[in-house]
Amino acid sequence: MNGRVVAALRWSLGVAALAFLLWRVDLGSALATVREADPRWLAAALVAQLGAKTCWVLRWRRLLAATGHPRGAGSLLRLILLGLFFNNFLPTSVGGDVVRGIGLARDGVPKALAAASVVADRLVGVVALALLAAGGGLVGARLWPDGGPWTASAVVAAVVGTGIVVATRPEVLGRLGAIGPSGPLVAKGRRLVEKISFLSGQAAALAVALGFSVALAACSAIYHWTVARAVGIDLPAVSWFVIVPAVMLFAALPITVNGLGVRELGFVGFLSAQGVDGERATVFALLAFVGTLGFAVAGGLLFLRGDRPTTEAKHV
């Protein structure tokens, strides 16, 4: 299927999910809740977001150093912001990860290694989410047995994390790379294997990157906790270290663009199971989403300034 068609379908699903959430709430009451939000907690949420982005930059920087082509934190932050802009605002088949790879290639990193670092960055992030979601699911099953699909979340997260770790082992990569040609899907799989093969033997770099990923996930949990407190949701802070990784892992599935709608539905579902009023849960989910868009807007300003990818580098 054409990439533009797939992107359009994913955008449509995400917008439909958000429209469904908005349809279920009284807009006047929801806006009143937003106006009454505690600015002190919102300021704390901004600090948590800055911490998350810092961890992201440091994680990617460490993985790039493992390729032998280190880059400065400032240039990597610029590419992350551009990627967020593409993910959130442009209805295009060129996603944020592709934009980051293109930017690295323009900055002198060989195309294959640029793509490899982006793929590795994404994989390490998913593994960290899977680990936290699995652990959080087990904790949730014990603390709030009727408050969500904790066991299912733990099992799915453990399978995802284990699968990625196993698939990036040298012997597994070698076997996958030896698969004979049997169609476009296998060819795409072989290219992916080639991209992530630099992870083999990079245990130290992966350990550091995984540490930054865990710190990033912790900042994300704190961000959502502070936004929740701002709108009057007073769940224990520890519960967000259980809920957020599970929701974010689910939102990482390529169902919609950047998890749009899927993420918000997930939060509303989990919070409703905790006894939070559905309307307040929806306000929280939408406000938490809007609160992350400032970085995407910053990427848009960079794009309008002329800092943009080139079409010839599209296959990085």
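Select Phe85 to begin: at a relative accessibility of 11%, this residue counts as buried, a word that here stands for a relative accessible area under 20%, with exposed meaning over 50% and partly exposed anything in between (1.4 Å probe, protein chains only). The model on screen is predicted, with local features needing pLDDT of at least 70 and side-chain atom pairs counted only at pLDDT 80 or more, while totals for chains, interfaces and linings use all residues. Residues are numbered from 1 along each chain as its sequence is written, and side-chain values use heavy atoms, with hydrogens and water left out.

Keep Phe85 selected and add Phe86, which is buried as well. The structure holds seven aromatic pairs, where rings of Phe, Tyr and Trp (its six-membered ring) pair if their centres lie within 6.5 Å, and where planes under 30 degrees apart count as stacked, over 60 as edge-to-face and the rest as tilted. One of these pairs is formed by Phe85 and Phe86, which stand edge-to-face with 6.0 Å from centre to centre and 90° between the planes.

Now add Phe303, whose ring centre is 5.4 Å from that of Phe85 and whose plane is at 40° to it, so this pair is tilted. Because Phe85 belongs to helix H4 (residues 73-89) and Phe303 to helix H14 (residues 293-304), the pair ties together parts that are 218 residues apart in sequence; helices (H or I, at least four residues) are DSSP runs, numbered from the N terminus. Phe303 is buried too, with a relative accessible area of 16%, and ring pairs link Phe85, Phe86 and Phe303 into a cluster.

Next, look for charges placed over rings, a term used when NZ of Lys or CZ of Arg is within 6 Å of the ring centre and within 35 degrees of the ring normal. Select Lys53 with Phe295, and you will find the charged end of Lys53 over the ring of Phe295, 4.6 Å from its centre. Then select Arg100 with Trp60, where the charged end of Arg100 sits over the ring of Trp60, 4.6 Å from its centre.

Move on to Thr67, which is placed in the loop between helix H3 (39-66) and H4, and which counts as buried at 14% relative accessibility. Show His69 beside Thr67, and the backbone nitrogen of His69 appears 3.3 Å from a polar atom of the Thr67 side chain.

Finish at Ala215 in helix H10 (residues 203-230), a residue that counts as partly exposed at 28% relative accessibility. Add Ala128, which is 87 residues from Ala215 in sequence and 9.2 Å from Ala215 in space, C-alpha to C-alpha.

Terms used: Helices (H or I, at least four residues) and strands (E, at least two) are DSSP runs, numbered from the N terminus. A polar contact is a pair of N or O atoms within 3.5 Å; within protein, one must be able to donate a hydrogen and the other to accept it, and residues adjacent in sequence count only if both atoms are side-chain atoms.
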